[in-house]
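This briefing is meant for someone meeting the structure for the first time. Please look over the sequence and the model before reading on.

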Amino acid sequence: MASEARVLRCCVCKKPYKYKGADPYLLPCLHAACAECIGGKGETITCMFCRESFDKGKFIFLKDAVTQAETLATTVHNEPSEIKCTNKDHNLNAVSWCKDCESFFCRSCQAAHNQIKSSSIHRMMSLNDMVAADFQSSRSFCPDHESYALDLYDKTCEILICSKCARSHHKHCQSEELDDVVFAEKKETEEDKMKLAAKLQDIQRMVDESNKKEAMMRERHNTQKDLLTSRFNSLRDIVTRREAEVRKALEFRHLSDMDEARRVSNKLKQMLSRCENAHSYTGKLLELGNKSDMLMLKKSVKFRTEMALSEEAELFDFVPVHVTFSKESTREFGKSLHTVCDIKTTEGDDGSYLNLYANFEGPTNDGISSSEKNVPDRADGDQKDDTRPVEAERESVDVDLESENGNKEEHKGENEEGNGAERIGDTDPISYPALKFDVERINSNKVHVNNKGFLVNSKLSAKGKLRQYVGTTAVTPLPKNMFSYWEVHSDFNITSEIQQRGLLMEIGVATESSLDNNYCMSGQVGSKCLAIANCPIHDGICAKVWSDGQRMRCYENVLSTCSGTVGTLRHGLLYDGTRNILTIFDLNKMVQLVALGEGEVDDDQWPVFGAYNSSLAVVQIKLVSGGEIKTFNSKISMLKGALKCVL
């Protein structure tokens with residue numbers, strides 16, 4: 001009875017549901033909104049529990065029979081005085097429920113009911129002994145033929161009918177026995193519930209492991225700081241400046257790792273919440289839903305279940321960070337200051353504290369440490385050839401520049417020749433190019449790509465080719481003679497209350513001539529973008545669509561402005577290289593947002609990715625392309641619909 005004891009509330013206005021109050025309606029997220037909110041003003045309705053918004057013109061909201069049954073059961077147990085006898089209009093408190101008559105009875109009406117021969121065999125229950133499932137309707141009758149039960153399912157019209165309807169105005173429709181159809185649907189729903197239960201268990205295990213790793217990282221970080229302090233205390237007079245530099249690098253790396261840990265942990269918790277919601281509701285539907293409810297709600301439940309099962313969980317790898325020391329001779333110590341202490345990450349290390357001292361080497365016979373032999377002397381003058389390799393290695397705390405630069409040609413090859421083509425039905429082929437962030441072109445004074453491959457809104461010391469634009473592009477432009485599709489998954493962690501204009505993220509396509517004219521693409525001619533930014537008009541963070549410098553429309557409140565808010569936005573981008581049309585999809589809701597532009601393609605179109613305002617939020621952008629793109633029925637249907645519109 002734990003589920004019946006809690007107060008059920010509207011997911012929009014959060015007012016509690018009451019017996020004989022406003023009817024609840026089921027949203028696609030499987031939360032219930034009251035009839036007043038469903039019929040309210042506005043083109044969209046936003047669930048305040050999961051922060052998802054739904055277009056009223058694109059979704060049909062059905063009455064939520066499960067929530068109605070729960071509300072009635074809650075009222076019976078918590079406020080029994082609200083339940084009145086429905087046999088006569090005498091306003092007496094009910095004491096029992098007849099499952100056959102589906103009516104409440106007071107004591108006198110109950111006694112009279114039991115004395116009637118035809119109703120003396122009815123199933124009568126005391127209100128104190130009832131649970132939510134007892135209120136389930138056993139059968140329903142045809143509104144057109146009142147004495148006929150609705151015992152058939154019309155597959156053509158997708159409604160319940162009686163046998164007389166089947167012989168009259170539904171005689172050309174395909175119908176089946178209601179029990180047979182419900183049995184098949186119930187079996188499929190039970191299988192989905194089992195799958196959700198298994199995935200819930202896996203995600204919970206990963207959440208627990210993630211928490212353990214975070215604790216281990218904090219403990220190890222504290223140990224590293226203690227070791228760092230103790231070593232530098234013995235060298236304080238000559239290494240004060242270097243200690244500060246290394247401490248900053250250590251903190252930077254720790255924050256980067258913790259950001260990644262929190263990103264994965266928050267993503268897992270979101271997946272866990274969605275799976276729990278779908279799993280809970282499917283269980284309630286199986287328990288409380290009657291035959292009609294099972295059929296009427298199946299599309300909404302199946303959509304959310306498919307979305308929950310298709311999400312792929314990930315667990316971050318904990319790679320221990322090491323503070324390493326080299327003891328130098330006193331005479332050469334000033335010149336070798338940069339090799340005294342550094343931050344290292346060792347793949348495959350189990351995090352043992354014994355490794356903390358592994359790289360602390362003593363001096364050799366000639367007074368120079370072994371770690372110094374192959375390092376050229378660095379004078380105070382400008383010797384670029386001597387200092388650049390060391391500085392590049394030290395500055396890139398969380399970016400493997402050698403790997404990125406060494407594989408640049410390989411990345412280009414993936415973009416140019418590694419495109420997989422796939423047909424959706426009988427439409428033109430869609431190409432899935434293996435796109436990569438261009439780490440050489442990046443404006444690394446504002447953003448950088450971390451060692452997980454995410455574009456992050458924090459800077460490194462070096463600068464790339466871009467100077468104005470706070471972001472980067474793909475390695476190669478898009479092909480001009482086909483459809484290209486890729487996805488962007490963006491994680492947000494709002495670190496301070498957002499009260500003014502603030503751009504957080506931007507994705508889209510742009511021409512070479514418009515690429516580096518400003519810090520963002522949204523207002524540039526030659527660009528088509530979706531920007532996530534604080535909107536003073538709607539007093540929240542919105543998704544704003546721009547095309548050739550003009551703002552087209554605004555999708556309201558995709559994220560909360562409150563500090564501590566975390567969320568993941570997933571978008572798909574389909575570019576028609578023949579007609580220069582960019583179509584943008586919301587993959588969280590599986591809907592097409594907008595199609596931008598049309599006309600001849602003159603200049604190359606580059607995918608662009610921007611991340612902004614690290615003082616307001618931590619933004620991490622993941623590029624999903626090529627073979628990493630996952631397809632399922634809802635996504636395929638969405639792409640089919642987009643292709644029909646642009647072809």
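In which sense do strand S17 (residues 455-456) and S28 pair, and over how many bridges? The two strands pair in the antiparallel sense, over two bridges. The model is a predicted one, and the points below take up strand S28, the nonpolar cores, the enclosed and open spaces, two small sheets and a few single residues.

**Strand S28 and its partners**

- Within the pairing of S17 with S28, Val-456 is the residue that stands opposite Gln-620 in S28.
- S28 is also joined to S19 by eight bridges, and these two strands run antiparallel; one position along this pairing is Ser-490, whose bridge partner in S28 is Ile-621.
- Because six of its eight residues are buried, S28 is largely enclosed by the rest of the structure.

**Nonpolar cores**

- The largest nonpolar core holds 55 residues, and the members that touch the most other members are Trp-486, Leu-504 and Phe-609.
- The element that gives the most to this core is strand S20 (residues 503-511), which supplies six residues.
- Another core, lying apart from the largest one, has 28 residues, including Met-217, Leu-268, Ala-278 and Leu-286.
- As a general background to such groupings, nonpolar side chains in soluble globular proteins tend to be buried together.

**Cavities**

- Four cavities of 30 Å³ or more are found in the structure, and the largest cavity contains about 130 Å³ of space.
- The largest cavity is lined by 14 residues, of which Arg-263, Asn-266, Asp-491, Phe-492 and Asn-493 are the closest to its centre.
- Two or more lining residues come from each of H7, strand S19 (483-494), S24 and strand S28 (617-624), and among the contributors H7 gives the most, with six residues.
- Sorted by class, the lining of the largest cavity comprises six polar, five charged and three nonpolar residues.

**The second largest pocket**

- The second largest pocket holds about 970 Å³ of space, and of the 43 residues that line this pocket, Cys-50, Arg-51, Glu-52, Ser-53 and Lys-589 lie nearest its centre.
- Among the elements that give two or more residues to the lining of this pocket are helix H7 (236-288), helix H9 (298-310), strand S4 (53-55) and strand S23 (550-559).
- S23 provides the largest share of the lining of the second largest pocket, namely seven residues.
- By class, the lining of the second largest pocket divides into 16 nonpolar, 14 polar and 13 charged residues.

**Two open sheets of three strands**

- One open sheet has its three strands in the order S7-S6-S8, with antiparallel pairing.
- At the edges of this sheet stand strand S7 (103-105) and strand S8 (124-126), each of which has a single partner strand, so one side of each is left without a neighbour in the sheet.
- Neighbouring strands of the S7-S6-S8 sheet are turned against each other by 30° on average, with direction ignored.
- Strand S6 (residues 96-98) and S7 run antiparallel and are joined by three bridges, and within this stretch of the sheet Cys-98 stands opposite Ser-103 in S7.
- A further open sheet of three strands follows the order S2-S1-S5, and its pairing is antiparallel; its edge strands are strand S2 (32-34) and strand S5 (62-63), each pairing on one side only.
- Two bridges join strand S1 (residues 24-26) to S5, the two running antiparallel, and the bridge partner of Leu-26 in S5 is Leu-62.

**Single residues to look at**

- Most residues other than glycine have a negative phi, and the next two points concern residues that depart from this tendency.
- Leu-30, which is not a glycine, has a positive phi of about 70°; Leu-30 lies in the loop between S1 and S2, and at 4% relative accessibility it counts as buried.
- Asn-580, likewise not a glycine, has a positive phi of about 60°; Asn-580 lies in the loop between S24 and strand S25 (581-586) and is buried, with a relative accessible area of 12%.
- Gly-471 belongs to strand S18 (residues 471-473) and is buried, its relative accessible area being 0%.
- Although Gly-471 and Tyr-519 are 48 residues apart in sequence, their C-alpha atoms are 8.4 Å apart in space.

Technical notes. Residues numbered from 1 in each chain as written. Predicted model: local features only at pLDDT ≥ 70, side-chain atom pairs only at ≥ 80, totals over all residues. Heavy atoms only, no water. Core = buried A, V, L, I, M, F, W, Y, C linked by side-chain atoms within 4.5 Å. Buried < 20%, exposed > 50% of the residue type's maximum accessible area, 1.4 Å probe, protein only. Helix = DSSP H or I, 4+ residues; strand = E, 2+ residues; numbered from the N terminus. 1 Å grid on protein atoms, 1.4 Å probe; cavity = no way out; pocket = protein on both sides within 12 Å on 5 of 7 lines; lining within 4 Å. Points joined across faces, edges and corners; volume = space filled by probe spheres on them. Nonpolar A, V, L, I, M, F, W, Y, C, P; charged D, E, K, R; others polar. Pairing = 2+ DSSP bridges. Axes fitted to C-alpha atoms, helices over the stretch in contact; angles between N-to-C directions.
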